[in-house]
Amino acid sequence: MCGRYYIDDTTAREVEKAVGRLDGKLDMTCGDVLPSQGAVVLRNQRGRLTADVMTWGFPGIDKGKLLINARAESALEKKTFRESMLHRRCIIPARGFYEWDRSRTKFSYERKDAPVLFMAGCYDLYEDEERFVILTTEANPSVSPVHERMPLILEPRELRNWVLDDGAVEPLLQKTPVLLDAFTEYEQMSLF
């Protein structure tokens with residue numbers, strides 16, 4: 001699961017590299033991004049990868065509840081996500097994301113080899129507002145000690161394929177994300 005992520009100045013520069021040029025109206029405010037907030041995503045616009053702002057979370061069945069993640073393994077089979085997965089895929093750039101273990105210790109995850117994570121997602125239109133979800137997959141060994149799910153992370157060379165090539169979707173949904181570095185604000189000390 002991914003319930004919060006964060007961006008920094010480097011994220012904005014990397015997004016600009018990915019799309020060529022950012023629209024001056026896009027606000028890539030640094031800091032944490034939470035469900036129901038607007039955030040920059042990359043998507044297809046007339047056969048090009050472009051950046052735009054969308055709201056994080058599809059409206060849930062229960063009023064006030066949001067669907068913020070979709071399982072990569074089953075998103076194509078679920079009515080809520082199928083059309084979005086087939087026709088409206090996006091990429092959510094982030095410096096990193098957070099997960100909490102059972103004792104509520106917060107861990108931050110970032111790439112070892114790059115200043116930005118590109119998380120796979122999809123979007124749809126709800127009441128004239130574009131909204132996105134982040135796809136999650138089984139956690140790799142860097143995340144699994146803390147949580148059983150993690151975002152589906154794309155490599156820079158896979159970005160255009162994810163957004164523009166319908167034939168690339170299924171293989172990318174089955175990939176294992178790159179190993180990440182984990183950080184915590186403090187470490188629990190043991191007396192033994």
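Which residues does Leu 173 touch, not counting residues up to four places away in sequence? In this predicted model, the answer is Ala 72, Leu 76, Met 85, Leu 135, Leu 152 and Trp 162. Leu 173 is a good place to begin, since it leads into the interior of the chain.

Leu 173 belongs to the largest nonpolar core, which has 30 residues, and together with Leu 42, Met 85, Ile 91, Leu 135 and Trp 162 it is among those that touch the most other members. Several elements of the chain each supply at least two residues of this core: the helices are H1 (9-19), H2 (79-87), H3 (159-164) and H4 (169-173), while the strands are S3 (38-45), S4 (48-56), S11 (117-126) and S12 (129-138). Apart from this core lies another one, of 26 residues, and among its members are Val 33, Trp 56, Ala 139 and Val 146. In soluble globular proteins, nonpolar side chains tend to be buried together.

With the interior in mind, the reader can turn to the chain as a whole. The protein chain contains four helices and 15 strands, and 49% of its 192 residues count as buried. A compact globule with 192 residues would have a radius of gyration near 16 Å, and the protein chain agrees with this because its own value is 16 Å. The C-alpha trace spans about 60 × 35 × 35 Å along its principal axes. Among contacts between residues at least 6 apart in sequence, 65% join residues at least 24 apart.

The outside can be described in a similar way. The protein chain exposes about 10,700 Å², of which carbon and sulfur atoms supply 47%. The chain has 27 positive and 31 negative charges, and the mean positions of these two groups are 2 Å apart.

Two residues allow a closer look. Glu 14 lies in helix H1, and it counts as buried because its relative accessible area is 17%, which falls under the 20% limit. Leaving aside neighbours within four places in sequence, Glu 14 is in contact with Pro 115 and Val 116.

Arg 71, by contrast, is found in strand S7, which covers residues 69-71, and it is partly exposed because its relative accessible area is 46%, a value between the limits of 20% and 50%. Not counting residues up to four places away in sequence, Arg 71 touches Thr 136 and Arg 149. The C-alpha atoms of Arg 71 and Leu 135 are separated by 5.7 Å, although these two residues are 64 residues apart along the chain. Leu 135 is also one of the residues that Leu 173 touches, which brings the reader back to the starting point.

Key:
Residues are numbered from 1 along each chain as its sequence is written. This is a predicted model: local features need pLDDT of at least 70, side-chain atom pairs count only at pLDDT 80 or more; totals for chains, interfaces and linings use all residues. Side-chain values use heavy atoms; hydrogens and water are left out. A nonpolar core is a set of buried Ala, Val, Leu, Ile, Met, Phe, Trp, Tyr and Cys residues joined through side-chain atoms within 4.5 Å. Buried means under 20% relative accessible area, exposed over 50%, partly exposed in between (1.4 Å probe, protein chains only). Contact means heavy atoms within 4.5 Å. The radius of gyration is taken over C-alpha atoms; the globule rule is 2.2 Å times the number of residues to the power 0.38. Accessible areas come from the Shrake-Rupley method with a 1.4 Å probe; for residues, only the protein chains shown count as cover. Lys and Arg count as positive and Asp and Glu as negative; His and the chain ends are not counted. The place of a charge is taken as NZ of Lys, CZ of Arg, CG of Asp or CD of Glu.
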